[in-house]
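Good morning. I will take you through one structure today, starting with a term we need and then going from part to part. Please have the model open in front of you.

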Amino acid sequence: MSQHTGWGPPTGPPPGPPGGPYGWGGGWAPPPPPKPGVIPLGPLGVAEVLGGAFATLGRHWKQFLGIALAAYAAALVLFGGVLLLAYLATREDIDRLVDGSPRDFGGPDAYVPLLATFIGVYLFGMLVLLLANAVVCASCPAVLQDAVLGRPVTIGTVWRRARSRLGAVLGSLLLVWLIAAVPMLLMLVALVTSMVSLFALAVGESSGMGWLLVLSALGVLATAPVAVWLWVRFSFAPAVAVFEGRGALDSMARSAQLVRGDWWRVLGISLLGSLIAWMASYAIQMPFSFVQRFAGDGFGEGAPSAEAAVAIVVTSLAFGVIAQIVAQVFTAAFPQLVVALLYVDQRIRRENLAATLAAAAAATAPRQERPLGT
């Protein structure tokens, strides 16, 4: 029997099928697994995984909203500052390109500073967004540590847990992102090449970059499947980093171990969680879009007063920001909760984690402010 406690890795093999009148070998069906929190403490089906993710968001939406607001607001400020600096550095080139004739802008070599700046700002934005997503990724298993056991959790507790493991989570996400960056960069090169070629054709010139477009497209076709395979293989790494307190590389190796043999199942349920998040995000934004539309209709009924115009614009912007924030929190948190619950499911199936969790949930001793894996 396993002798481990908490969320840490097991020290022995999982126990075999139970015997006796309620075991698999008897004539009676086994009793249903206990459900102290958002999921039953047994092997999870698709419904239990998705239902557990919805239940966690419903019970702990304040924690997710508070942490996500802080993370994405900081990312927006950083990206906005860099975008402003980039505009100030290339303002003359942008004005000349927008206001002047395309022929006055010069040949393809004149586009290089703008393209370099655009790619630099894009990469910085991706890194800032990755950092914000790392905070959200770390907060999901930090909440599940108590949600699975049916215990309350405060935003301060979630933040302390997420902050202590942020480096490992960010490291694992960055490594996975670098794996996926190859086809992403090739797609970006193909997009920029297409734009330059179209612009050159508009001024009656040939950019001579058609070969680059073809090579980029072939590179995407060659690298995208490998990137998807590796992304699924290492998808448990953030959850491992928080639940088990491992480093980035160790978390990725542990994720590969848990995903092995169930790659297609993990991919299918993860994609289903992402699709549900996208659909829910669209549904969340629809009511706010109607409010924005009704607010905008006020301009069609004659010229409103200055005060009314300001009120309409502020109302429209406020509802738009609220819709974007709520939708972003859902789309960022829900898929990560699904993946974290798949991690719990894999450990229940392979390492008898359910017995340990049931004992922890039934314990009456006061909970200490430390990761359950220690």
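A residue counts as buried when its relative accessible area is under 20%, as exposed when it is over 50%, and as partly exposed in between. Take proline 34 with that in mind: its relative accessible area is 43%, so proline 34 is partly exposed. You will find proline 34 in the segment before α1, and α1 itself covers residues 46-59. Which residue lies 9.9 Å from proline 34, C-alpha to C-alpha? That is leucine 357, and the two are 323 residues apart in sequence.

One caution before the rest: this is a predicted model.

Now the overall layout. The protein chain has 12 helices and zero strands. Read from the N terminus, the order of elements is therefore α followed by α throughout, as the run α-α-α-α-α-α-α-α-α-α-α-α shows. The chain has 374 residues, and 39% of them count as buried.

Helix α5 shows how buried residues can be arranged. This helix spans residues 155-164, and its buried residues are Thr157, Val158, Arg161 and Ala162. Where do they sit around the axis? They are on the same side of α5, because the arc they cover is only 125°.

Next, the surface. Val46, Leu272, Leu275, Trp278 and Met279 form a nonpolar patch there, and together they have about 490 Å² of accessible area. Which helix gives the most to this patch? Helix α10, residues 263-296, does, with four residues. Leucine 272 is one of the patch residues, and it lies in helix α10. Leucine 272 has 32% relative accessibility, so it counts as partly exposed. A patch residue must have over 30% relative accessible area, and the 32% of leucine 272 is the value to set against that cut-off.

On to the largest pocket. It holds about 930 Å³ of space. There are 29 residues lining it, and those closest to its centre are Leu130, Asn133, Leu173, Trp231 and Gln336. Which helices each supply at least two residues of the lining? They are α4 (112-147), α6 (166-202), α7 (210-233), α8 (237-243), α10 and α11 (306-351). The largest share, seven residues, comes from α11.

Now the charged side chains. Side chains of opposite charge can pair when their charged atoms come close. In the whole structure, a search finds 10 salt bridges. I will show three.

The first one to look at joins glutamate 244 and arginine 254, whose side chains meet at 3.0 Å, N to O. This pair links distant parts of the chain: glutamate 244 is in the loop between α8 and α9 (248-259), while arginine 254 is in helix α9, 10 residues apart. Are these two buried or exposed? Glutamate 244 counts as buried because its relative accessibility is 10%, and arginine 254 counts as buried because its value is 4%.

Then there is aspartate 262, which forms a salt bridge with arginine 350, with 3.3 Å between the closest N and O atoms. This pair also links distant parts of the chain, with aspartate 262 in the loop between α9 and α10 and arginine 350 in helix α11, 88 residues apart. Aspartate 262 has a relative accessible area of 22%, so it is partly exposed. Arginine 350, at 28% relative accessibility, likewise counts as partly exposed.

The last of the three is between arginine 347 and glutamate 351, at 2.9 Å, N to O. Arginine 347 counts as buried because its relative accessibility is 0%, and glutamate 351 counts as buried because its value is 7%. Both residues lie in helix α11, four residues apart, which is about one turn of the helix. Salt bridges that share partners join Glu244, Arg246, Asp250, Arg254, Arg347 and Glu351 into one network.

One backbone detail to finish. Most residues other than glycine have a negative phi. Asparagine 352 is not a glycine, yet its phi is positive, about 55°. Where is asparagine 352 found? It is in the loop between α11 and α12, and α12 covers residues 353-362.

Conventions:
Residues are numbered from 1 along each chain as its sequence is written. This is a predicted model: local features need pLDDT of at least 70, side-chain atom pairs count only at pLDDT 80 or more; totals for chains, interfaces and linings use all residues. Side-chain values use heavy atoms; hydrogens and water are left out. Patches are made of residues with over 30% relative accessible area and no salt bridge: like charges are joined within 9 Å, nonpolar side chains (Val, Leu, Ile, Met, Phe, Trp, Tyr) within 5 Å. Accessible areas come from the Shrake-Rupley method with a 1.4 Å probe; for residues, only the protein chains shown count as cover. A salt bridge is a side-chain nitrogen of Lys or Arg within 4 Å of a carboxyl oxygen of Asp or Glu. Buried means under 20% relative accessible area, exposed over 50%, partly exposed in between (1.4 Å probe, protein chains only). The arc is that of the directions from the helix axis to the C-beta atoms. On a 1 Å grid over the protein atoms alone, a cavity is a set of points where a 1.4 Å probe fits but cannot get out, and a pocket is an open set with protein on both sides within 12 Å along at least five of seven lines; lining residues have an atom within 4 Å of a point. Grid points are joined across faces, edges and corners, and a volume is the space filled by probe spheres set on the points.
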